[in-house]
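New to this one? Let's take a walk through it together, piece by piece.

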Amino acid sequence: LDMIATYSTRLPNKLVEEKYDVRFGSILTSRGCPYKCGFCSTRLLWGAGIRYRNIADVMKEIEMMKNEHGINTFFFPDDNINTDKKNFAAFLKELKKQNIRWLSGGLQISSMTEEIVSLCIESGMLAFMMAFESGCDETLRKMKKPLRINKAERFVEMTRKIDNKAYIFGAWVTGFPFETLEQVEITHQFAKSLELDWSSFYCYQPYPGSPIYEYCLEKGYVSKATTNITSPVPLLNGLTTENFTGDEIVYSNYCANLDINFLNNRNLRHNPDQAYRDFTDLLKNYPDHVFAHLMLSRYYEGRDSK
């Protein structure tokens with residue numbers, strides 16, 4: 001466990017402001033998801049619905065991991081940790097007592113309220129890891145995502161009002177088989193319009209068993225021959241359809257990444273210290289990233305001009 005606690009600490013390390021010796025642990029607080037997003041195969045694993053663990057039991061595990069193994073930063077890998085707003089608020093109130101830092105990848109945007117955003121921050125959340133998926137309402141409807149862009153906008157505005165330095169990470173997916181290049185561009189422009197700290201753009205991947213995967217099979221975009229037990233997903237750089245090629249999706253995501261995360265980086269304006277941590281962290285893994293060097297130079301120019 002000592003080795004595990006110091007593994008995968010890259011993300012939390014770049015989000016802590018003070019010197020903080022991150023020891024990372026993971027606890028699952030629920031299983032399943034009640035929604036039916038067409039790109040997701042979670043329901044095949046956990047079934048329909050969601051099952052929550054007893055909050056007191058989760059707290060006991062946190063205390064054990066803290067006291068016996070020195071874990072001070074936790075990741076909750078739930079598929080949808082905040083679907084039940086009342087249960088999640090109760091969970092956060094108990095989490096506040098633990099004096100830890102934490103992250104979760106399963107936060108449903110439409111379930112976020114002012115109370116929950118405040119409790120997340122007060123209980124030690126390092127970043128809001130939010131799956132926006134798309135900036136196009138038509139695409140969101142077709143994938144059956146329980147979200148509309150007006151709710152996404154309200155969440156970001158609400159969070160910035162509560163804490164302008166709260167870190168909001170946006171995950172976006174483009175290249176769905178029913179999209180057009182124009183709709184992909186709508187997503188990129190919507191992502192740019194939001195006050196996000198960082199956005200990651202992913203090419204749609206057809207997960208076997210998911211409804212959209214079956215659609216891709218019917219249309220001939222993927223073949224069952226390309227999937228097997230050791231590589232269940234074709235690992236496409238981008239899906240090719242009548243509307244676009246995979247290369248076009250990859251290139252458009254690449255350009256959006258440079259535009260939003262680098263040339264128009266929010267934190268260079270609002271939180272320069274965080275911008276510094278983001279770009280130096282990137283250079284540790286990609287030392288020849290020209291745009292990271294460029295933006296880091298702009299950080300120094302802004303700092304030295306004060």
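Which residues of the largest nonpolar core touch the most other members? Keep in mind that this is a predicted model. The core holds 44 residues, and the ones touching the most other members are Phe91, Trp102, Met112, Phe128, Phe132 and Phe155. Take Met112 as a sample: setting aside neighbours within four places in sequence, Met112 is in contact with Asn82, Leu107, Val117, Cys120, Phe128, Met130, Phe155 and Met158. Apart from this core lies another one, made of 22 residues, including Phe24, Ala127, Trp198 and Leu258. As background, nonpolar side chains tend to be buried together in soluble globular proteins.

Now for the strands. One open sheet has three strands in the order E1-E4-E5, with parallel pairing. Its edge strands are E1 (24-26) and E5 (101-104), each pairing on one side only. From one strand to the next, the twist averages 25°. Another open sheet, also of three strands, has the order E6-E7-E8, and the pairing is parallel here too. In this sheet the edges are E6 (128-133) and E8 (198-203), each with pairing on one side only. Ignoring direction, neighbouring strands of the E6-E7-E8 sheet are turned by 20° against each other on average.

How many bridges join E6 to E7? There are five, and E7 covers residues 168-174. Over in the E1-E4-E5 sheet, E4 (residues 73-76) is joined to E5 by four bridges, while E1 and E4 pair over three bridges. Here are some bridge partners you can look up in the 3D view:

| Residue | Bridge partner | Strand of the partner |
|---|---|---|
| Ser26 | Phe75 | E4 |
| Phe74 | Trp102 | E5 |
| Phe76 | Ser104 | E5 |
| Glu133 | Trp172 | E7 |

Trp102 turns up twice so far: Trp102 is the bridge partner of Phe74, and Trp102 is also on the list of core residues touching the most other members.

Helices join in around the E1-E4-E5 sheet. Helix H4 (residues 55-69) lies across E1 and E4, running at about 145° to E4. Then there is helix H5 (residues 85-95), which makes a right-handed β-α-β unit together with E4 and E5.

Finally, the aromatic rings. The structure holds 17 aromatic pairs. Why does the pair of Trp172 and Phe190 count as edge-to-face? The ring centres are 6.0 Å apart and the planes sit at 80°, so the pair is edge-to-face. Trp172 lies in strand E7 and Phe190 in helix H9 (residues 181-193), so this pair ties together parts that are 18 residues apart in sequence. Both Trp172 and Phe190 are buried.

Tyr276 and Tyr299 make a tilted pair, with 5.1 Å from centre to centre and 40° between the planes. This pair links distant parts of the chain: Tyr276 is in helix H13 (residues 272-285), Tyr299 is in helix H14 (residues 290-304), and the two are 23 residues apart. Are these two tyrosines buried or exposed? Tyr276 has a relative accessible area of 30%, so Tyr276 is partly exposed. Tyr299, at 10% relative accessibility, counts as buried.

One last thing to spot: ring pairs link Phe39, Phe176, Phe178 and Tyr204 into a cluster.

Conventions: Residues are numbered from 1 along each chain as its sequence is written. This is a predicted model: local features need pLDDT of at least 70, side-chain atom pairs count only at pLDDT 80 or more; totals for chains, interfaces and linings use all residues. Side-chain values use heavy atoms; hydrogens and water are left out. A nonpolar core is a set of buried Ala, Val, Leu, Ile, Met, Phe, Trp, Tyr and Cys residues joined through side-chain atoms within 4.5 Å. Buried means under 20% relative accessible area, exposed over 50%, partly exposed in between (1.4 Å probe, protein chains only). Contact means heavy atoms within 4.5 Å. Two strands pair if DSSP finds at least two bridges between them. Axes are lines fitted to C-alpha atoms, for helices over the stretch in contact, and angles run from 0 to 180 degrees between N-to-C directions. A crossover is right-handed if, with the strands pointing away from the viewer, the path from the first strand over the helix to the second runs clockwise. Rings of Phe, Tyr and Trp (its six-membered ring) pair if their centres lie within 6.5 Å; planes under 30 degrees apart count as stacked, over 60 as edge-to-face and the rest as tilted.
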